[in-house]
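Let's take a slow walk through a protein model together. Keep the picture open and rotate it as you read.

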Amino acid sequence: LHDALPISCARHQVTTLAAVPPLWVQLVEQQWPQDAITPLRRLTNSGGALSSELGARLRGLFPAARLFAMYGLTEAFRSTFLDPALIDEHPTSMGQAIPFAEVLVIGDDGGLTDPGEEGELVHCGPLVAKGYWQDAGQTAERFRPAPAQSVYGGTAVWSGDRVIRDAEGLLYFAGRRDAMIKSAGNRISPQEVEEAALATGFVSEAVAIGVPDDRLGQAVHLVVRALPGTADPEAGLRSELARELPNFMQPRAIHWRAAMPLNPNGKIDRAALARELGA
């Protein structure tokens with residue numbers, strides 16, 4: 001399917017493509033004929049953070065297309081987008097709230113966070129769903145009264161996603177609240193380890209998982225897929241990570257895969273990898 005997509009885009013003169021990061025990673029590895037590249041005007045990313053490396057590869061492959069980095073929730077569909085004019089300057093940002101969405105960053109103390117301070121993304125306003133169908137327990141957990149600072153009030157979705165808002169009002173994904181790795185008293189964002197791995201240029205996909213460890217509480221394990229055409233990626237990755245990450249964030253083990261498992265939504269199946277590693 002991925003091999004045939006560039007040919008189909010050329011045949012039908014496709015102008016817009018939407019995908020999640022694992023699919024984009026596979027697509028940029030395909031051979032794209034010029035008559036498939038030329039008509040493309042818009043690319044959209046959702047369902048996961050867009051790494052700087054992947055964004056640069058997309059911009060390089062499709063120079064005439066505007067790249068829209070977006071963030072959404074199943075419970076509210078779409079929450080934020082980044083103006084394509086800002087993608088080069090802020091390649092990892094998921095932007096700001098879309099019209100009619102109110103997106104707040106709430107700290108552990110229940111107040112609005114300061115710029116640069118991490119908190120939970122809370123989506124308020126008319127785009128929020130009523131709850132989960134016939135699941136009162138899950139509804140009560142995620143759909144709760146909006147924070148007092150909300151303009152809309154009413155019911156909000158408490159996403160469980162940790163984000164940071166910068167001084168310009170742009171949002172950055174920091175990680176899932178329930179996915180943080182706690183190792184030797186340190187709180188480690190899986191995304192930070194993953195981004196460091198991707199930045200080495202030796203891997204095209206990376207997933208960091210906390211695996212139970214008697215001494216550390218959790219040890220960092222890194223599952224990766226090599227970037228096609230790279231020479232000696234295993235030694236290169238280890239060397240670069242040793243230089244770029246502090247000791248407490250170094251992976252205890254690196255697991256190489258020819259392909260990553262995907263869930264029905266086309267995203268990397270982190271739960272499957274965690275089960276495989278005994279997490």
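How many salt bridges does a search of the whole structure find? There are 13 of them. Before we visit a few, keep in mind that this is a predicted model.

Start with E29 and R225. These two form a salt bridge in which the closest N and O atoms are 3.2 Å apart. E29 sits in the loop between α2 and α3 (34-37), while R225 belongs to strand β14, so the pair ties together parts that are 196 residues apart in sequence. The two ends have their own surroundings: E29 is partly exposed at 24% relative accessible area, and R225 is buried at 9%.

Next, look for R270 and E194. Their salt bridge has its closest N and O atoms 2.9 Å apart. R270 is in helix α8 (residues 270-277) and E194 is in helix α6 (residues 190-199), so this bridge ties together parts that are 76 residues apart in sequence. Here R270 is partly exposed, with 40% relative accessible area, and E194 is buried, with 7%.

Another pair is D213 and R252, with 3.1 Å between the closest N and O atoms of their salt bridge. This one links distant parts of the chain, 39 residues apart: D213 in strand β13 and R252 in the loop between α7 (233-244) and β15 (253-256). D213 counts as buried at 17% relative accessibility, because buried means under 20%. R252, at 42%, is partly exposed.

Now for something with more than two partners. D108, E118, R162 and R187 are linked in a network of salt bridges. Let's zoom in on R162, which you'll find in strand β9 (residues 155-165). Is R162 buried or exposed? R162 is buried, with a relative accessible area of 7%. The side chain of R162 makes a polar contact with the side chain of D108 at 3.3 Å, and another with the side chain of E118 at 3.0 Å. Leaving aside neighbours within four places in sequence, R162 is also in contact with other residues, including Y172, F173 and M180.

Stay in strand β9 and find I164. I164 is partly exposed, at 27% relative accessible area. Here's a nice example of how folding works on paper versus in space: I164 and E120 are 44 residues apart in sequence, but their C-alpha atoms are 8.5 Å apart. Not counting residues up to four places away in sequence, I164 touches G116, E117, E118, L170, L171 and Y172.

Let's move to the loop between β8 (143-145) and β9, where Y152 lies. S150 is in that loop too, between β8 and β9. S150 is buried, with a relative accessible area of 12%, whereas Y152 is partly exposed at 44%. A polar atom of the S150 side chain lies 3.2 Å from the backbone nitrogen of Y152. Setting aside residues up to four places away in sequence, S150 touches E102, L104 and C124. Y152, for its part, joins F100, L127 and V151 in a nonpolar surface patch of about 450 Å².

We just met C124, so what about cysteines? C124 is buried, with 0% relative accessible area, and C9 is buried as well, at 1%. The structure holds zero disulfides.

Which helix should you look at for burial? Try α2 (residues 21-28): seven of its eight residues are buried, so the helix is largely enclosed by the rest of the structure. The buried ones are P21, P22, W24, V25, Q26, L27 and V28. They pack against α1 (5-12), β1 (16-19), β2 (42-45), α4 (52-61), β13 (203-213) and β14 (217-226).

Finally, here are a couple of backbone oddities. F77 has a positive phi of about 65° although it is not a glycine. You'll spot F77 in the loop between β3 (66-71) and β4 (80-81), where F77 is exposed, with 62% relative accessible area. A184 also has a positive phi, about 50°, and is not a glycine either. A184 lies in the loop between β11 (181-183) and β12 (186-188) and counts as partly exposed at 49%.

Note on methods. Residues are numbered from 1 along each chain as its sequence is written. This is a predicted model: local features need pLDDT of at least 70, side-chain atom pairs count only at pLDDT 80 or more; totals for chains, interfaces and linings use all residues. Side-chain values use heavy atoms; hydrogens and water are left out. Helices (H or I, at least four residues) and strands (E, at least two) are DSSP runs, numbered from the N terminus. Buried means under 20% relative accessible area, exposed over 50%, partly exposed in between (1.4 Å probe, protein chains only). A polar contact is a pair of N or O atoms within 3.5 Å; within protein, one must be able to donate a hydrogen and the other to accept it, and residues adjacent in sequence count only if both atoms are side-chain atoms. Contact means heavy atoms within 4.5 Å. Patches are made of residues with over 30% relative accessible area and no salt bridge: like charges are joined within 9 Å, nonpolar side chains (Val, Leu, Ile, Met, Phe, Trp, Tyr) within 5 Å. Accessible areas come from the Shrake-Rupley method with a 1.4 Å probe; for residues, only the protein chains shown count as cover. A salt bridge is a side-chain nitrogen of Lys or Arg within 4 Å of a carboxyl oxygen of Asp or Glu. A disulfide is a pair of cysteine sulfur atoms within 2.5 Å.
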